[in-house]
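Trainee: I'd like a close look at one part of this model, but please set the scene before you zoom in. Could you walk me through it in one go?

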Amino acid sequence: MSNGWIPVAERLPGHREFIESYDPSNFGAEFLVTIAGADRATTLYYSLTGRWYDEQGNPYKVAAWMPLPEAFKG
């Protein structure tokens with residue numbers, strides 16, 4: 001693991017991580033990801049079928065992922 005990033009070649013989100021990050025409005029769990037070939041991180045949704053997708057349902061090839069950080073409570 002590097003700086004909290006988990007390469008998809010190492011492992012995908014597990015059931016507990018999926019449940020903790022589940023967003024019912026998008027039918028998947030939301031994670032911070034690095035898309036293959038991208039310079040910046042973004043958020044995408046993950047389905048238990050192993051598919052990564054955006055809010056429009058477009059699929060992406062993800063290189064690494066991590067859970068979203070806690071929201072700022074200032």
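Read along the sequence, what pattern does the protein follow? And then the part I'm after: where is asparagine 26 found, in terms of strands and loops, and which residues is it in contact with once its neighbours within four places in sequence are left aside?

Mentor: Sure. One caveat up front: this is a predicted model, so local features need pLDDT of at least 70 and side-chain atom pairs count only at pLDDT 80 or more, while totals for chains, interfaces and linings use all residues. Residues are numbered from 1 along each chain as its sequence is written, and side-chain values use heavy atoms, leaving out hydrogens and water.

The pattern is β-α-β-β-β-β-β-β, which comes to one helix and seven strands. Those are DSSP runs numbered from the N terminus, with helices being H or I of at least four residues and strands E of at least two. The radius of gyration is 12 Å, close to the 11 Å that the globule rule gives for 74 residues, so the protein is as compact as a globular protein of that length. That radius is taken over C-alpha atoms, and the rule is 2.2 Å times the number of residues to the power 0.38.

Now your asparagine. Asparagine 26 sits in the loop between β2 (22-23) and β3 (28-35). Loop or not, asparagine 26 counts as buried, because its relative accessibility is 16% and the cut-off for buried is under 20% (exposed is over 50%, partly exposed in between, with a 1.4 Å probe and protein chains only). Leaving aside neighbours within four places, asparagine 26 is in contact with Tyr45, Tyr53 and Glu55, contact meaning heavy atoms within 4.5 Å. The C-alpha atoms of asparagine 26 and glycine 57 are 8.8 Å apart, although 31 residues separate the two along the chain. Closer to home in sequence, its side chain makes a polar contact with the side chain of serine 25 at 3.5 Å. The rule there is a pair of N or O atoms within 3.5 Å; within protein, one must be able to donate a hydrogen and the other to accept it, and residues adjacent in sequence count only if both atoms are side-chain atoms.

Follow the chain on into β3 and you get to the core. The largest nonpolar core has eleven residues, among them Phe31, Val33, Leu44 and Trp65; such a core is a set of buried Ala, Val, Leu, Ile, Met, Phe, Trp, Tyr and Cys residues joined through side-chain atoms within 4.5 Å. β3, β4 (41-46) and β7 (62-66) each supply at least two of its residues, and the largest share, four, comes from β3. Isoleucine 35, another core member, touches Thr42, Leu44, Tyr60, Lys61, Val62 and Ala63, not counting residues up to four places away.

For charged pairs, the count is two salt bridges, meaning a side-chain nitrogen of Lys or Arg within 4 Å of a carboxyl oxygen of Asp or Glu. Arginine 11 pairs with glutamate 17, closest N and O atoms 2.8 Å apart; arginine 11 is partly exposed at 34%, whereas glutamate 17 is buried at 18%. Arginine 16 pairs with glutamate 20 at 3.0 Å, and because they are four residues apart in helix α1 (residues 15-20), about one helical turn separates them. Arginine 16 is exposed at 66%, as is glutamate 20 at 57%.
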